[in-house]
Number of protein chains: 2
Amino acid sequence: MSSTKTENSTPMKTFQILAISGSLRSRSSNLSLLKAAQQLAPENFQISFYGGLSQLPHFNPDCDTETPPVAVADLRAWLRASDGVIICTPEYAHGLPGTLKNALDWTVSSGEWMEKPVLILNASPVSHFAHDSLVEILTTIMARTISHRIGLSGNKMDELAMLDNTEITSKLIESLGELETALVVPELVEI
Amino acid sequence: MSSTKTENSTPMKTFQILAISGSLRSRSSNLSLLKAAQQLAPENFQISFYGGLSQLPHFNPDCDTETPPVAVADLRAWLRASDGVIICTPEYAHGLPGTLKNALDWTVSSGEWMEKPVLILNASPVSHFAHDSLVEILTTIMARTISHRIGLSGNKMDELAMLDNTEITSKLIESLGELETALVVPELVEI
């Protein structure tokens, strides 16, 4: 694992972070919010964007074997190589986008989410069904979820407009700080 | 529209019903339950099984144009041609299968579910997240939902075992009767 150094030369671990947008729309405000988060992230965050949602086959338990489809193996490899994940998703008809859930379906039994810190950003100021559902699903597959509502005002904001809005940037910085804390501090285990 | 006749020669409208299983598993108990329902359905139900879930592309709002992908146009045509729908779906990690939700995502804006009676069967004796989510989503896109928990004991039952179980057959007949009532009686509209 690569490392950076702070001013007093203490080595600082670099965290590999996978960003996933639940929308395939080219000008998605969810993707823009993730890009804004990338700009504001701690210097030891190395954020990569997962771009394979649309290449995944439809989940079929009959095909979830020891030799999964190539795109599924790729998704799982990205997750295994990531210390943490940030997800931002739209809501369609009071539910998660099927495409995003399909990706999660392929990883239910393979275990990559176990104990992984996941920051879930809600770009919407009003919708909550998809966000709540995502928290429930990720908690069920044993991820450590951190849930934040950013609440963009309308869907016309691009990344630069978000970075120019102090309310949004302060919420993003706060949520990224919580993700960093979760990455640094192992989960407390009750005995 | 074709019709059958009762003993007293009163014409009986034939209802076209589309059955959708949320699972792509070849030996899915959800598909078996739908096949059992087909055996027990009123004689004027003409039940067809939709088999195109896995052929649908991943939903992308940028592609939801006046000329949609062929598989999407086919799904919409099946829905338009159906008087009612029966859905039975598994639950994956406390959520709907992404594949089923993806099909719904392609029909949010095209309006085929408006006022359509939809019987939602829950095969599980314990799970409720996917079922509740499906009711919420279909209600949001203006379908008339009829929700029934059948509650199979384990997932080893095939269609014949279900048809041999009086508790299951009576629940299926009751739920199919409610669907028939919804098909015959227009929804009451409050003034």
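**Figure 1. The contact between chain B and chain A in the predicted model.** Thirty residues take part on each side: 30 residues of chain B are in contact with 30 residues of chain A. This is a predicted model. On the side of chain B that touches chain A, the elements that contribute two or more residues are α3 (98–105) and α4 (129–140) of chain B. Of the elements on this side of chain B, α3(B) gives the most, with seven residues. Sorted by class, the residues of chain B that face chain A comprise 14 nonpolar, 11 polar and five charged.

**Figure 2. The relation between the two copies.** A turn of 180° with a shift of 0.0 Å along the axis lays chain B on chain A, and the RMSD is then 0.0 Å. The two copies are thus related as by a two-fold rotation axis. Both copies use the same surface, since 100% of the contact residues of chain B recur in chain A. Among the residues of chain B, B:G98 comes closest to the rotation axis, with its C-alpha at 2.0 Å.

**Figure 3. The pairing of helix α3 of chain A with α3(B).** Helix α3 of chain A covers residues 98–105, and its axis comes within 7 Å of that of α3(B). The two axes cross at roughly 170°. Angles over 145 degrees count as roughly antiparallel, and α3(A) and α3(B) are therefore roughly antiparallel to each other. From α3(A), the residues A:G98, A:T99, A:L100, A:K101, A:N102, A:L104 and A:D105 take part. They meet B:G98, B:T99, B:L100, B:K101, B:N102, B:L104 and B:D105 in α3(B). The contact of α3(A) with α3(B) has four nonpolar, six polar and four charged residues.

**Figure 4. The crossing of helices α1 and α6 within chain A.** Helix α1 of chain A spans residues 29–40, and helix α6 of chain A spans residues 166–184. Their axes come within 10 Å and cross at roughly 70°. That angle makes α1(A) roughly perpendicular to α6(A). The crossing in which α1(A) passes α6(A) is right-handed. In α1(A), the contact involves A:A36, A:A37 and A:L40, which meet A:T169, A:L172, A:I173 and A:L176 in α6(A). Six nonpolar residues, one polar residue and no charged residues make up the contact of α1(A) with α6(A).

**Figure 5. The crossing of helices α1 and α6 within chain B.** In chain B, the axes of helix α1 (residues 29–40) and helix α6 (residues 166–184) come within 10 Å and cross at roughly 70°. The helices α1(B) and α6(B) are therefore roughly perpendicular to each other. Their crossing is right-handed. On α1(B), the contact is made by B:A36, B:A37 and B:L40, and on α6(B) by B:T169, B:L172, B:I173 and B:L176. The contact of α1(B) with α6(B) includes six nonpolar residues and one polar residue, but no charged residues.

**Figure 6. The fold of chain A.** Six helices and seven strands form the secondary structure of chain A. Read from the N terminus on, the elements of chain A follow the order β-β-β-α-β-α-β-α-β-α-β-α-α. The radius of gyration of chain A is 17 Å, close to the 16 Å that the globule rule gives for 191 residues, so chain A is as compact as a globular protein of that length. The C-alpha trace of chain A extends over about 50 × 40 × 35 Å along its principal axes.

Technical notes. Residues numbered from 1 in each chain as written. Chains lettered and ligands numbered in written order. Predicted model: local features only at pLDDT ≥ 70, side-chain atom pairs only at ≥ 80, totals over all residues. Axes fitted to C-alpha atoms, helices over the stretch in contact; angles between N-to-C directions. Helix = DSSP H or I, 4+ residues; strand = E, 2+ residues; numbered from the N terminus. Parallel < 35°, antiparallel > 145°, perpendicular 65-115°, else oblique. Left-handed = near helix turned anticlockwise from the far one by under 90°. Contact = placed C-beta atoms within 7 Å. Nonpolar A, V, L, I, M, F, W, Y, C, P; charged D, E, K, R; others polar. Least-squares fit on C-alpha atoms with pLDDT ≥ 70 in both. Rg over C-alpha atoms; globule rule 2.2 N^0.38 Å.
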